[in-house]
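Subject: the model I promised

Hi,

Here is the structure we talked about, ready for you to open. Have a look through it first, then read on for what I found.

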Amino acid sequence: MKTPRIAIAGFQHETNTFAPIPTLLEDFRTPGAWPGMTIGDDILDVFHDLNIPIGGFIAAAKDWDLVPVLWTNAEPGSYVAQPAFDTIAAMICDGISAAGDIDGVYLDLHGAMVTDDFEDGEGELLARIREVTGPHLPIAASLDLHANITPDMAERASSLAIYRTYPHIDMAATGARAKQLLAAELARGEPFARAFRQLDYLIPLQAQSTMREPGRALYAMLDAPDAGAVVSADIAFGFPPADIFHCGATMIAYAEDRATADCAADDLLSALKAVEDRFINPLIPAAECVNRAMEIAATATRPVIIADAQDNPGAGATGDTTGLLEALVACGATKAVLGILWDPDTATRAHAAGHGAEFDATIGGRYPELGCTPFRARVRVEKLSDGQFTATGRMYGGAKAELGLCASLLIMDENSEVRVVVGSVRAQNADQANFTHIGIDPSRQNIVAVKSTVHFLADYEPICEQVLFAEAPGANPCQLDSIPFTRLRNGVRLGPGGPTFAPD
Ligand SMILES: [Zn+2]
């Protein structure tokens, strides 16, 4: 058999339709926690050993002839501006077209992209790619565990492989599985039979971790599928802060025949229905959460980690809300640090003031519609950085972050000892290097507060006494029954055991 010639591309965005910051073309060009837009053969160099799906695909496809087209992602945020989507989709389609005679396509997608004009960004992208490739060329895609998979996506891609961990420590492994699925389809000469199911309740992000039950047991089912005709079976827990018709968890199975695929997908659907009451919502109001953390820290030798779960930039939030910071200071926390709080102005001011300087700061809180105000305090500049560092944890390890000017500021207050790290690029704190690069050792704190919902568990839980999840203002609404949805499917429940959605 001749060596398969495969075009590869990536276009990732997780769209939070309730967030205030739109996603523009420049957001796809610039790097942050991940590399910026990468074109052509550079893709092979930049991604080959990173925990990013296309990196895993490349490593697994050394025996294939790859035609790298384009890879890009932007930090999660609100709707992808239509010109940005159109431009990037055209670059991918043109690249695939220019690749000439190919045997298939691999796409590194998220699965929860919403654009100004299209609720189903990936479905639309796949439609445009199908115009180039025709209906029969094998197209394998990898998707995030938070994909809101639509029937169109399932139909237009010939195979989908989905992350099986949250925190996503298996992104590269998922790219490698996509390669296996594509190889199996090429060997078979036609697509596998497929079954697709949608769950009738939304699962809140903070209850989705596969390091907790019931996620751990559900995803463990996938690693040991029934021997025989099931080729692949996957679950996507979905991304709830997206007001779209196909929001929610899905299951997809591929098999030699339709009956086997149906059976595998139905087994997963039944398993998810059976654990509805076991998804725990762990959020605690911020002040109560800080007080509890201080009690635990009083007798602990390791830090208590507090997740500022609703202000997670990795779920599209601004990363600049001040509710938890305020609670830390008001409750008199000591040896406490919070980061990274997105505030380019304060970071720039700290750099201008210089190391050791004090100034009256107005920190974060730029979006009053989120229910918070800037935090005003006199601060001392303790450390400065250019925000460039290499991540060290299990999820992001090896990736070169570029967060712009950063500063570690001590809040000058007689009754507390709280530091805040401000940065210039919105990014989730899921890696200790966010702190260590600026001279703060998280393991030596009493309380470490991170702007993250779940991903921080991979790198922070091993060093901590306990993890708590705070409820404070933010654009990643975690209490699903309070989200003003308007476009969901009729009958979907807003969270496990939650009220049923009914359009007005
Ligand atoms: Zn995700």
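Below are my notes, starting with the metal site and ending with a few backbone oddities. Keep in mind that this is a predicted model.

**The zinc site**

Three residues hold the zinc ion: Asp144 through OD atoms (listed twice), His146 through ND1 and His168 through NE2, at 2.1 to 2.7 Å. Along the chain, the donors follow the spacing D-x1-H-x21-H. The geometry is irregular, with angles of 53 to 141° among the 4 donor atoms. For a tetrahedral label all angles would have to lie between 85 and 135 degrees, so this site does not qualify. As for burial, Asp144 counts as buried because its relative accessibility is 5%, under the 20% cut-off. His146 is buried too, at 3%.

**Helix α9 and the core**

Helix α9 covers residues 258–274, and its length checks out: 17 residues at 1.5 Å each should span 24 Å, and the end C-alpha atoms are indeed 24 Å apart. At its N-terminal end sits a cap from Asp257, with a side-chain oxygen 3.2 Å from the backbone nitrogen of Ala259. Much of interest here is on the inside: Ala261, Asp262, Ala264, Ala265, Leu268, Leu269, Ala271 and Leu272 are buried. The elements covering them include β7 (193–198), α8 (215–223), β8 (230–236) and β9 (250–255).

Which residues touch the most other members of the largest nonpolar core? They are Phe57 and Leu272, out of 99 residues in that core. α9 gives the most to this core, with 7 residues. Setting aside neighbours within four places in sequence, Leu272 is in contact with Leu199, Tyr201, Ile203, Leu218, Ile235, Phe237, Met251 and Phe279. There is also a second, separate core of 43 residues, and Ala9, Phe11, Ile102 and Leu109 are among its members.

**Two buried loop residues**

Cys247 is in the loop between β8 and β9, and it counts as buried because its relative accessibility is 1%. Beyond its neighbours within four places in sequence, Cys247 is in contact with Asn148, Leu202, Phe239, Pro240, Ala242, Leu488 and Arg489. From Cys247 to Phe237 is 10 residues in sequence and 10.0 Å in space, C-alpha to C-alpha.

Ala81 also sits in a loop, the one between β3 (65–73) and α4 (82–98). Its relative accessible area is 15%, so Ala81 is buried as well. Leaving out neighbours within four places, Ala81 is in contact with Thr23, Leu24 and Asp116. Pro442 is 361 residues away from Ala81 in sequence and 37 Å away in space, C-alpha to C-alpha.

**Backbone oddities**

Where are the cis peptide bonds I would look at? One joins Tyr166 and Pro167, with omega about 10°, and Pro167 is in the loop between β6 (159–162) and α7 (171–188). Another joins Glu213 and Pro214, with omega about 0°; Pro214 lies in the loop between β7 and α8.

Last, Lys335 has a positive phi of about 45° although it is not a glycine. Lys335 lies in the loop between α11 (323–330) and β12 (336–342). With a relative accessible area of 37%, Lys335 falls between the 20% and 50% cut-offs and therefore counts as partly exposed.

Cheers

How values were computed:
Residues numbered from 1 in each chain as written. Predicted model: local features only at pLDDT ≥ 70, side-chain atom pairs only at ≥ 80, totals over all residues. Heavy atoms only, no water. Helix = DSSP H or I, 4+ residues; strand = E, 2+ residues; numbered from the N terminus. Expected span 1.5 Å × (residues − 1). Buried < 20%, exposed > 50% of the residue type's maximum accessible area, 1.4 Å probe, protein only. Contact = heavy atoms within 4.5 Å. Polar contact = N/O pair within 3.5 Å; in protein donor to acceptor, adjacent residues only side chain to side chain. Core = buried A, V, L, I, M, F, W, Y, C linked by side-chain atoms within 4.5 Å. Donors = N, O, S within 2.8 Å, 3.2 Å for Na, K, Ca; no water. Tetrahedral: all angles 85-135°; square planar, octahedral: opposite > 155°, others 65-115°.
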